[in-house]
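Let's take a walk through this structure together, one neighbourhood at a time. Keep the viewer open and turn things around as we go.

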Amino acid sequence: MTTSSGMSLSSEHVQRLLQCAVCLERFKQPKILPCQHTFCLTPCLEGLVDRRTRSIRCPECRADHFVPRNGPASFPNNLTVIGFLELAGPAGEAVENMSRNQVVETLHQSSRVSELRRPQRVSSPQQNVQESAAADGSGCAVCRGEGRVSRCCHCDQLVCEECRHFHMQQVKADVTRMISQVRRGLPHISEQIIAVGRKSSQLQSNCEHVKSDISEALDKHIRELKARERTLREDVDNFLAGELRNLRAYQENAEVEIASLSSFCDSVESVLSMSRPIPDGDLVEMRGQCQEHLESVQCYEDGTIRPPNVKMIQASLESPFLSSTISNYGDLIITSRAAPLRQTPDDDPYGRTPLPYLPAINYNEGSSGFSVGLQTESRLAASPAMSPGTSRRLLLRASDTSGFDDGYQSETRAISPFLAAPRTQASSPNRASQVRFEEESRMGDSGWANQGSQTHRRSRYDRRSDTRLASLASVRGPASSQQAIDRTRHLSLVTLPVTSEFDSEPEDSETAVGRLIVTPNRQEGRDDHVGGLPHAASFPGARSFNFLPPVLRISAAVREDDESPREPTPEFNSNSPSLYVSTPRNKYNQKGTALVRFGQRGSDIAQFTWPRGVSVSPMDDSIYVADSSNHRVQVFDSTGKFLKTFGQHGQGEGDFDCLAGVAINGLGQVIIADRYNHRIQIFDRCGRFQNAFGSEGSGEGQLNYPWGLACDNMGFIYVCNKENHRVQVFQSNGTYVRMFGRLGTRPGEFENPHYIAVSPDNKVYVSDSSNHRVQVFSMYGDFLFTFGTCGALRGQMKFPRGIAVDNQGFVVVADSGNNRVQIFRADGRFYSMFGGWGNENGQFKGLEGLAILTNGNIVVSDRENHRIQIF
Amino acid sequence: MAGLPRRIIKETQRLMAEPVAGITAIPDEQNARYFHVVVAGPSQSPYEGGLFKLELFLPEEYPMSAPKVRFMTKIYHPNIDKLGRICLDILKDKWSPALQIRTVLLSIQALLSAPNPDDPLDNSVAEHWKTNEKSAIDQARQWTQLHARANNVNSH
């Protein structure tokens with residue numbers, strides 16, 4: 001730009017004077033107006049003519065002039081200006097180029113200034129200018145000069161040498177600026193690197209923490225198992241010692257007998273062999289003695305006196321529940337936090353997880369985990385199933401404790417027969433690991449068991465016959481509360497016998513609203529074995545239970561958007577496990593294609609005519625299908641291989657008439673809703689008829705087209721009574737317990753309830769079909785909440801039928817009217833769905849029952865397609 | 001859009017090359033006829049210290065018809081209504097093709113210095129101005145502090 005320095009102000013001024021004020025160009029055909037102002041003829045003056053008034057207003061002074069007849073061209077030429085234009089000539093051009101150059105440069109500078117404020121506006125005027133010029137396609141794209149042009153390698157425009165020079169300088173400046181921007185950005189990246197390092201170390205420590213917690217929890221259970229092992233072995237030893245003592249006593253008796261008999265024989269023989277006559281009296285006496293001895297020998301001979309029978313002992317250690325519990329034991333919950341730094345230690349997830357049911361163990365105590373973007377929360381569903389306390393029952397230990405138990409027992413029963421069940425279960429021999437003493441001896445239980453325990457044992461057996469199912473089926477914990485400090489592990493969601501805990505925290509009574517808190521008085525026994533464990537913190541002496549009436553909190557139930565259940569809330573329904581579970585273990589959102597399909601219309605083996613209810617046996621994962629119009633149950637393994645069938649049409653025992661629902665309880669008993677016979681039938685696990693109950697009617701215990709049914713983990717049978725619009729509850733032997741619901745559309749009322757399911761935490765989910773919703777009740781029949789409305793959108797449903805709850809609490813609903821399967825969280829929030837109408841893979845026509853296999857696959861009864869699909 | 005008239009190019013270049021004190025006018029990236037304008041409140045006026053954001057659009061007929069200008073920043077002024085429209089003769093009937101963006105913006109700056117309540121656009125403000133000029137000026141100053149503070153404008 002050396003030339004610009006030679007630019008004189010006067011020549012620039014001349015250029016200014018030779019510029020039209022309207023077009024800002026050098027004058028072309030300059031015309032002078034009467035007011036002495038000069039403008040170009042075209043387009044400036046011509047554009048200014050007001051055609052209507054045939055006048056022109058001077059842009060400079062706003063004077064109005066009449067336009068001559070021939071238009072503005074008739075205005076006189078400004079000869080002075082023309083002379084100057086000719087004079088300036090090429091020099092003028094040069095000057096103009098100079099000035100433009102200067103302009104462009106300053107433009108560049110000013111745009112740099114503006115860039116500092118608005119970085120996005122990088123040389124935008126320049127680009128605009130270029131674009132517009134390029135549109136014209138004449139000469140330099142920037143200055144439109146007619147000079148030599150070449151293509152810019154940066155922006156692909158045709159530009160003249162000078163503009164290019166300037167442009168390249170601009171590019172250079174851009175490069176400089178961008179470099180400095182990059183440099184400014186570098187520290188952020190290194191900060192991020194540091195942050196990532198920090199995060200990874202925090203993640204590592206977090207994971208280490210979790211691992212140590214896992215080991216700690218498992219160690220505890222291993223210790224419990226060891227303790228249990230010790231107990232069982234001691235029991236066996238005790239038993240052995242007692243039996244040996246018996247045997248030895250018998251042996252000693254017999255030896256004494258032999259000795260005395262043989263010595264008697266010897267002495268009598270010696271007397272007889274003596275030649276000396278025997279007095280008559282002595283002889284008679286000897287005979288009498290002989291007679292006696294003979295009798296006693298005969299006692300041995302004829303079996304009146306027999307060696308004590310050897311009692312058999314065997315260990316019953318089979319427990320499908322335990323192994324399935326172990327394999328499902330523990331949950332790792334991974335959560336990520338978007339704004340970690342805002343977290344304060346007060347935001348500790350304990351506050352967020354106040355719910356008592358869950359054995360949530362939080363591995364993020366303190367704030368350390370929160371400064372990390374990704375926070376891993378772990379929850380271990382721990383189970384004290386093996387708690388050695390229950391073993392005291394077997395030991396038949398001190399009579400005073402059993403007395404206590406009995407006292408407690410009766411107390412419990414007095415309040416509610418229902419309450420007895422968990423207690424009974426708790427006090428009955430632990431089926432998870434049970435030593436069964438089979439007494440074959442007629443001599444009673446004098447042997448190894450002490451006197452005080454006899455009555456207890458008898459009562460136990462009595463009880464067992466009462467609630468034999470309850471004693472074997474698992475009971476999931478009534479409420480137990482999570483304690484952050486103790487990190488108490490509670491029982492898992494999976495079926496296991498209960499140990500419930502009583503915590504002294506005041507809020508526990510709140511969190512346990514609607515739940516039965518049974519205070520285990522086996523604390524002492526447990527302390528013997530595992531003293532010092534957190535469980536010992538529970539009241540050892542408290543032998544009371546709280547039974548607070550279930551509270552209806554509908555508002556809380558639908559409080560699904562509440563992000564912060566941070567306060568320990570006493571809501572009943574919020575105890576649902578899945579509130580914590582971020583992702584279902586069963587990958588529901590990946591379902592939609594059937595893994596297995598089997599069945600077609602027909603009455604042969606593995607064919608169906610309108611299959612309805614399905615159920616999965618907890619014993620062996622086999623699938624029971626109510627083949628409704630073939631009036632039979634068909635059993636398949638979890639891959640769809642036919643196993644067996646039972647039942648035929650009729651009204652007799654083991655006959656069916658259009659059966660609908662199937663359920664299988666913890667004993668493997670198969671419970672069938674025999675629909676047109678208005679009864680429930682119970683079969684053993686081999687398909688042999690055991691029991692039937694119910695008759696047509698609307699009274700207590702009477703049924704009217706029973707449809708779906710379910711068992712809770714205590715063996716109670718919940719029956720959807722479709723035409724009576726209610727749910728009835730029976731004991732496992734068919735004894736009527738209670739019912740709830742009636743015809744209606746309000747909460748707690750039904751219209752044609754079809755299927756029913758019981759969640760692991762004993763909530764009862766009913767598909768209220770004609771009301772197009774799912775209603776949730778407590779196990780006592782108290783309405784908790786409802787979800788679903790009529791419709792085809794997500795979370796809506798039409799005539800919902802089959803329903804199942806997985807062990808994380810996710811609810812699977814057969815949305816029959818929409819021919820799809822929907823999955824909800826335990827609180828009723830929609831999670832995912834799949835399926836549509838049709839007979840292809842993953843399509844349905846008329847859904848009926850569904851069930852969940854142990855591996856999380858969903859078994860769906862596809863009625864009108866007469867088949868079963870597994871997803 | 002048809003090619004940008006050379007006049008607009010020239011004006012733009014000159015605006016950037018020889019900026020007016022207290023005024024920046026930057027063409028929009030997408031539309032060269034649209035300008036983002038910031039006018040500094042003139043000293044000795046109630047708008048002193050404020051940076052007022054305006055939008056300026058050059059219609060198709062420009063320069064034969066006036067540019068369209070509007071205040072984006074709220075301002076308490078008798079000749080500017082609450083939508084930011086400006087009552088200024090050169091933007092209406094007194095437009096002349098000899099005027100330029102630069103001159104228009106200078107006129108607006110001058111209008112800030114010399115409110116004209118006798119030719120009001122916002123009657124209530126004008127009334128306020130006429131009945132109690134001191135209080136009106138205080139109000140204008142307050143609004144300037146409230147809406148036209150320098151950092152506000154940049155953050156828009």
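In what handedness of crossing does α6(A) pass α7(A)? It's a left-handed crossing. Before going further, keep in mind that this is a predicted model. Two packed helices are described by the angle between their axes and the distance between the axes. For α6(A) and α7(A), that angle is about 150 degrees, and the axes sit 11 Å apart. The two helices are therefore roughly antiparallel to each other, since anything over 145 degrees counts as such.

Now zoom in on where they touch. From α6(A) come A:E257, A:L261, A:F264 and A:V268. They meet A:M286, A:Q289, A:H293, A:S296 and A:V297 of α7(A). Helix α7 itself covers residues 280-302 of chain A, which makes 23 residues. From first C-alpha to last it reaches 32 Å, close to the 33 Å expected at 1.5 Å a residue. Is this helix tucked away or in the open? Of its 23 residues the number buried is zero, so α7(A) lies largely in the open. Right after the helix comes A:G303, with a positive phi near 90 degrees.

Stay with α6(A) a moment longer. This helix takes in residues 161-273 of chain A, and A:A249 is found in it. A:A249 has 11 other C-beta atoms within 10 Å, so it is exposed, the limit for that label being 12 or fewer. It also has a partner from further along the chain: A:P308 is 59 residues away in sequence, yet the C-alpha atoms of the two are 9.7 Å apart in space.

Next, the sheets. Strands of a sheet pair through backbone hydrogen bonds, either parallel or antiparallel. Early in chain A there is an open sheet of three strands, ordered β3-β4-β5, with antiparallel pairing. Its edges are β3 (49-50) and β5 (64-66), each of which pairs on one side only. Strand β4 (residues 55-57) is joined to β5(A) by three bridges in the antiparallel sense, and A:I56 has A:H65 as its bridge partner there.

Further along chain A you'll find an open sheet of four strands, in the order β33-β34-β35-β36, again with antiparallel pairing. Here the edge strands are β33 (800-805) and β36 (830-834), each pairing on one side only. On average, neighbouring strands of this sheet are turned by 20 degrees against each other, direction ignored. Strand β35 (residues 820-824) and β36(A) share four bridges, antiparallel, and A:Q822 stands opposite A:M833.

Then there's β41 of chain A, residues 867-870. In a regular strand the side chains alternate between the two faces of the sheet. In β41(A), A:R867 and A:Q869 point one way while A:I868 and A:I870 point the other way, and all are buried. This strand has two pairing partners to look at. Strand β14 (residues 596-598) pairs with β41(A) in the antiparallel sense over three bridges, with A:F598 bridged to A:I868. Strand β40 (residues 858-862) is joined to β41(A) by four bridges, also antiparallel, and there A:V860 is partnered with A:Q869. β40(A) and β41(A) form a hairpin with four residues between them, and A:H866 in the turn has a positive phi of about 50 degrees.

That brings us to some backbone oddities. Most residues other than glycine have a negative phi, and most peptide bonds are trans. A:A606 goes against the first habit with a positive phi of about 65 degrees; it lies in the loop between β14 and β15 (611-616) of chain A. With 18 other C-beta atoms within 10 Å, A:A606 is partly exposed. A:H678, in the loop between β22 (670-674) and β23 (679-683) of chain A, has a positive phi of about 50 degrees. A:H678 counts as partly exposed too, with 19 C-beta neighbours inside 10 Å.

As for cis peptides, one runs from A:T42 to A:P43, with omega near -5 degrees, and A:P43 belongs to helix α3 (residues 41-48) of chain A. Another runs from B:Y62 to B:P63, with omega near 5 degrees. B:P63 is placed in the loop between β3 (51-57) and β4 (68-71) of chain B.

Since we've landed in chain B, let's finish there. Its secondary structure comes to five helices and four strands, following the pattern α-β-β-β-β-α-α-α-α along the sequence. Of the 156 residues of chain B, 44% count as buried.

Terms used: Residues numbered from 1 in each chain as written. Chains lettered and ligands numbered in written order. Predicted model: local features only at pLDDT ≥ 70, side-chain atom pairs only at ≥ 80, totals over all residues. Expected span 1.5 Å × (residues − 1). Buried ≥ 20, exposed ≤ 12 C-beta atoms within 10 Å, placed from the backbone. Pairing = 2+ DSSP bridges. Axes fitted to C-alpha atoms, helices over the stretch in contact; angles between N-to-C directions. Parallel < 35°, antiparallel > 145°, perpendicular 65-115°, else oblique. Left-handed = near helix turned anticlockwise from the far one by under 90°. Contact = placed C-beta atoms within 7 Å.
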